[in-house]
Amino acid sequence: MPFLAPESGGRPGTEPGSVDYRFARRQLLHRVRSGELTQADVCDAQHELLRVGRNCAQRARHDCPVCGEHELRLARFVFGPRMPAGGRVVASRSELLKLAARTSGPGLRCYTVEVCLSCRWNHLLDITPVGGRAGDA
Ligand SMILES: [Zn+2]
């Protein structure tokens, strides 16, 4: 899925094995605010991501950083052994914890993507290992 391949590299996240893309996100937003990029350049969420955001995602705590509307969603996709090629959508953190509890062994990774249903802004936030550390996932 294209939205899962950010242009900029991520940084090690707070959890072991996780990758954080918030710095890349901030840089991209800065380029929009400075006029280097237009809203059309970055607000390009694909139909499938919008569908997941609308139907199977949690509402973000903050408003969209691009359009300011309160339509930001956090979509989560789990990839790894025995998961669908396009990733398995998990609607909530509790569903993710259930999935982690059912699957043993390493290899599952959760991609969290924020997507705005209003302007179609989207960005990968982080990639975290699933399972093993379910208590604080
Ligand atoms: Zn927006």
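His47 and Asn55 are exposed on one side of helix H3, where exposed denotes 12 or fewer other C-beta atoms within 10 Å of a residue's own, with C-beta atoms placed from the backbone. The model is predicted; local features need pLDDT of at least 70 and side-chain atom pairs count only at pLDDT 80 or more, whereas totals for chains, interfaces and linings use all residues. Residues are numbered from 1 along each chain as its sequence is written.

On the other side of H3 (residues 47-55), Leu49, Val52 and Gly53 are buried, that is, each has 20 or more other C-beta atoms within 10 Å. The buried residues of H3 fall within an arc of 100° when seen down its axis and therefore line one face of the helix; the arc is that of the directions from the helix axis to the C-beta atoms. These residues pack against strands E4 (72-79), E5 (88-90), E6 (109-116) and E7 (122-129).

In the protein chain as a whole, four helices and seven strands are assigned, in the order β-β-α-α-α-β-β-β-α-β-β from the N terminus. Helices (H or I, at least four residues) and strands (E, at least two) are DSSP runs, numbered from the N terminus. Of the 137 residues, 30% are buried. Of the contacts (C-beta atoms within 7 Å, placed from the backbone) between residues at least 6 apart in sequence, 60% join residues at least 24 apart.

Pro106 is located in the loop between helix H4 (93-102) and E6. With 13 other C-beta atoms within 10 Å, Pro106 is partly exposed, the class between buried and exposed. The C-alpha atoms of Pro106 and Gly131 are separated by 7.2 Å, although the two residues are 25 apart along the chain.

Methods:
Contact = placed C-beta atoms within 7 Å.
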